[in-house]
Amino acid sequence: MAGLQYLAYGFAHFFVFKTVLLMLGGVCVGLVIGALPGLSATMGVALFLPVTYWLSPSESLVFLGSLYMAAIYGGSFSAILLRTPGTPSNIGTTFDGYPMAKQGRGWEAILTATFSSLYGGLFGLIMFLIFAPMLARVALKFGPPEYFWLGIFGLTVISSLSRGNTLKGFIGGLIGVLLSTVGVAPVGGNVRFTFNIPELIGGVGLIPALVGLFCIPEVIDMVLNRSKKQLYQEAKVQKGIIWKTFVSVMKKQVDLLRASIIGFIIGVLPGAGGNIANLVAYSEAVRASKHPEKFGTGIPEGVIATETSNNAVVGGGFVPLMTLGVPGTPVDAILYGALLMQGLRPGAELFTRRADVVYTFIAGVIVATFVMVPIGLAFGRAMAKFITKIPLSLLAPTVLFLTMVGSYCVSNNISDVYMMLILGVLGFVLRKLGFEAGPITLGLILGPIIETGLVQGLLIGRKLAQPWLIFFARPLCWVFIVLSVFFLFWPVIMRKRMIVSGGDQR
Amino acid sequence: MMVDVATATVILILSAVLFNQTRNYNYLSAVFPRFVLGLLMILSIVLLIRAILLFRKRERTESNFIPLKDLFYVALTIVLSFLWVYVMDWVLGFLLGSIVFGIVIFAILAGKSLKLREFLLFSLGYSAIVFVFWYSLGKLLRVPLPRGLF
């Protein structure tokens with residue numbers, strides 16, 4: 001009851017002209033940043049952090065929180081319209097969103113993403129309000145062995161992501177993991193696989209790799225199809241499609257709930273974020289579906305899974321940040337900095353001592369989640385029209401320019417742009433050889449989590465007779481081991497079941 | 001399937017070379033790359049065997065080859081992109097470099113069918129986009145963009 005009272009106070013405190021205006025600004029900026037390939041939510045929050053120096057703590061947090069939520073949603077636009085995830089949290093949206101756009105259903109895909117993001121965002125924030133202290137304690141039970149298995153479990157998602165050729169999917173995933181080992185080793189300290197190129201010491205950045213692997217092959221495809229007038233034709237918009245899509249999305253309560261829970265739980269775990277959640281949710285949607293073969297051909301269920309989960313991560317990420325002072329994702333780390341900058345110390349005391357700030361912040365982000373729907377729809381419609389109107393010969397250099405801006409702004413380093421271009425060309429060649437970008441990026445994301453878990457686990461395990469036994473000594477490890485084995489062999493089980501049922505029919 | 005044979009062989013050789021490099025690293029730095037490279041080698045051997053078996057069965061897959069003319073345009077765009085980054089960084093700077101190279105790529109891709117009016121209109125629109133980014137990033141948010149010589 002006290003929580004509800006505080007929330008009511010938070011809403012009352014939020015509805016002040018200046019705070020509402022800042023929330024609107026945050027949503028607009030977030031949508032634009034998210035929609036531009038390469039400009040991630042992290043970058044957006046980091047770029048606008050200095051702007052908040054002159055704001056009060058609650059105003060600053062409302063602005064940055066709204067920007068964060070809207071950027072995650074905005075990333076779906078470029079994923080759907082250009083097959084280029086705006087943020088790493090939208091990788092999975094390309095799988096079904098882009099085929100929908102190519103079929104002339106881009107607007108329907110954007111609507112689906114919008115309502116799913118609304119659902120996921122609200123779910124995450126409500127769960128944060130209800131379960132924050134309890135879940136924070138569970139998150140603390142995760143040690144290096146658990147993170148190692150969590151990463152391995154994440155890799156098994158590849159069996160669902162790689163359509164047609166699972167073997168090539170796993171090879172692609174391992175290529176991604178191998179790319180993540182370039183540079184200084186996180187524990188051992190050796191400089192690895194740099195071939196004496198100083199620019200590689202810092203490793204392969206996720207954003208340049210993501211932009212390169214997804215965007216450059218698309219630009220090359222545009223060059224190959226340069227004689228075409230547009231990328232694709234948008235079908236005539238049906239009357240009442242907004243309401244119809246809303247109803248159709250809300251009817252899929254099981255899909256929405258599953259993706260929201262996955263997103264929220266992954267968000268709670270420090271170190272895992274929307275980039276993993278959207279792929280796990282997609283994989284789970286494929287596994288749970290009666291028609292898994294339709295995924296990847298342009299069905300709304302694929303977009304629902306990814307867009308619900310990545311927005312649910314936002315609320316999940318606030319759990320360790322606000323209750324323990326442990327930032328789980330890079331964006332949360334910047335928000336942590338914003339809290340410190342305002343003289344606030346994240347942790348359990350924040351809820352008791354500065355409940356006014358926390359609840360105004362949550363109230364602000366809840367309102368922002370609603371407000372981003374109309375603004376996002378207007379923005380998404382304009383973007384869809386723009387992309388379907390301009391000729392491919394102009395779209396190619398424009399997208400190329402955006403990719404350069406996106407990869408440069410990560411660390412204001414021109415070598416990131418070169419890296420993006422090199423990985424882009426490599427991505428195009430690999431795609432032609434049957435290796436998709438999805439598993440490669442998943443490997444790149446999970447590589448550091450698995451490596452740190454493995455090496456730190458081995459160090460902890462030195463007290464045992466065999467250090468590697470530590471990976472089998474904890475109950476939470478076994479949960480992930482069982483899940484990993486199950487997911488790994490799920491396609492085989494499904495194939496057997498299909499053969500058996502086919503045989504029965506005959 | 002010959003493509004798969006070649007791909008698997010290249011991955012196998014690269015993995016072996018990188019595995020050999022890990023001998024120079026300490027245990028904590030080498031343990032994970034060795035684990036990954038070992039798995040990669042096993043999977044590429046599986047790919048190789050499968051490709052050879054399919055090749056023997058004479059199973060044909062659809063060709064992924066790009067016509068020579070298209071390949072020229074792809075190569076030209078890639079070379080121009082690298083040149084764009086280099087010239088932007090060292091000579092022309094962010095604003096001028098992006099406008100010049102963007103318009104050059106646009107003109108090349110549009111080809112002979114491009115009318116002067118369209119060229120001017122699209123170039124102006126593209127330049128406006130670049131200008132908005134240059135102003136908001138460089139001037140408003142104070143991101144240190146490549147300056148070139150000017």
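**How chain B is laid out**

Mentor: In chain B, the C-alpha centres of domain 1 and domain 2 sit 40 Å apart. This is a predicted model, where local features need pLDDT of at least 70 and side-chain atom pairs count only at pLDDT 80 or more, while totals for chains, interfaces and linings use all residues. Residues are numbered from 1 along each chain as its sequence is written, with chains lettered from A and ligands numbered from 1 in the order in which they are written.

Trainee: What makes up the two domains of chain B?

Mentor: Domain 1 is 2–56 and domain 2 is 68–140; such bounds come from an automatic or database domain assignment.

Trainee: How many helices and strands does chain B have?

Mentor: Four helices and zero strands, running α-α-α-α from the N terminus on. Helices here are DSSP runs of H or I with at least four residues, strands are E runs of at least two, and both are numbered from the N terminus.

Trainee: How does the radius of gyration of chain B compare with a compact globule of 150 residues?

Mentor: The globule would be near 15 Å, but chain B has 24 Å. The radius is taken over C-alpha atoms, and the globule rule is 2.2 Å times the number of residues to the power 0.38. The C-alpha trace of chain B also spans about 60 × 45 × 20 Å along its principal axes.

Trainee: What does the contact between chain B and chain A take from each?

Mentor: 46 residues from chain B and 41 residues from chain A; residues are in contact if their C-beta atoms, placed from the backbone, lie within 7 Å. On the side of chain B that touches chain A, α3(B) gives the largest share, 15 residues. By class, that side has 34 nonpolar, 10 polar and two charged residues. Nonpolar means Ala, Val, Leu, Ile, Met, Phe, Trp, Tyr, Cys and Pro; charged means Asp, Glu, Lys and Arg; the others, Gly among them, are polar.

Trainee: Why is α6(A) called largely enclosed?

Mentor: Because 13 of the 13 residues of α6(A) are buried. A residue is buried if 20 or more other C-beta atoms, placed from the backbone, lie within 10 Å of its own. In chain B, buried residues make up 26% of the 150 residues.

Trainee: How do you know that the span of α6 (residues 144–156) of chain A agrees with a helix?

Mentor: The expected span is 1.5 Å times one less than the number of residues. For the 13 residues of α6 that gives 18 Å, and the end C-alpha atoms are 19 Å apart, so the two agree.

Technical notes:
Two residues are in contact if their C-beta atoms, placed from the backbone, lie within 7 Å. A residue is buried if 20 or more other C-beta atoms lie within 10 Å of its own, exposed if 12 or fewer, and partly exposed in between; C-beta atoms are placed from the backbone.
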